[in-house]
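Thanks for sharing this one. Here are a few notes to read alongside the coordinates.

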Amino acid sequence: MRKYAMAALVVAVTIGGAGCSTPDDDRADTGEAEVATLRTETPAAATSAPKVERPRARLDDTPEDTKALYEPYEKCMSEHGFDTKRSRVEGLTTGRAGAANKACENFMPLPPWEFDPANPEAKDFARDVVACLKKKGVRYVEVNADGPGWAFGGKQNDARSISKGMELSPECEREVTAKRK
């Protein structure tokens, strides 16, 4: 009984498989098998120059690193009629400066990931740095309400907290970063 069931299955598959192809099919003439592809027959329209990924600053960048990071942006702005060393045009969105910024935006470095508003952990990083600064004796320091980062001096604009906080921030940033790795 099993022999007949298996034979019937083989015959059914053979007949069913033969019924799926037709001699009128274009592939029958060329002998080529059709392969699934995502390519279309018409070429896509040529696009403008590929968008360059913006460079990103790092917490451990040296002043030389930062200067090198900003050179392409400054060169682009210069090519568009602006000397970034003489006037600040970063962030301008209207007029000639806005047009230059738009043309050069791919060269403007992004902030370190720890300070980037797109980073969902940026606020946590800021809270950890503020805790570190307080442990080191900075009296008036708090996390910024409007984004990642922190502010010194409080309502009193305490000069000692500002100067001590500015001095100790890089050290606390490194400590917090090392703990998170």
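How many disulfides does the structure hold? There are two, and they take up most of the points below, bearing in mind that the model is predicted.

1. Let me begin with how the cysteines pair. With the bonded cysteines of the protein numbered in sequence order, the pattern reads 1-2, 3-4.

2. Cysteine 76 and cysteine 104 make one of these links, with 2.0 Å between their sulfur atoms. This link is left-handed, at -85° about the S-S bond. Cysteine 76 sits in helix H3 (residues 63-79) and cysteine 104 in helix H4 (residues 95-104), so the disulfide ties together parts 28 residues apart in sequence.

3. As for solvent exposure in that pair, cysteine 76 has a relative accessible area of 7% and is therefore buried, the cut-off being under 20%. Cysteine 104 is buried too, at 0%.

4. Cysteine 132 is joined to cysteine 172, with an S to S distance of 2.2 Å. The torsion about their S-S bond is about -75°, which means a left-handed disulfide. Because cysteine 132 belongs to helix H5 and cysteine 172 to helix H6 (residues 159-180), the pair ties together parts 40 residues apart in sequence.

5. Both ends of this second link are buried: cysteine 132 has a relative accessible area of 9%, and cysteine 172 has 0%.

6. One more residue for your list is lysine 134, which is in helix H5 (residues 122-135). Lysine 134 is partly exposed, with a relative accessible area of 47%. Its C-alpha atom lies 9.0 Å from that of glycine 165, a residue 31 positions away along the chain.

Technical notes
Residues numbered from 1 in each chain as written. Predicted model: local features only at pLDDT ≥ 70, side-chain atom pairs only at ≥ 80, totals over all residues. Heavy atoms only, no water. Helix = DSSP H or I, 4+ residues; strand = E, 2+ residues; numbered from the N terminus. Buried < 20%, exposed > 50% of the residue type's maximum accessible area, 1.4 Å probe, protein only. Disulfide = S-S within 2.5 Å.
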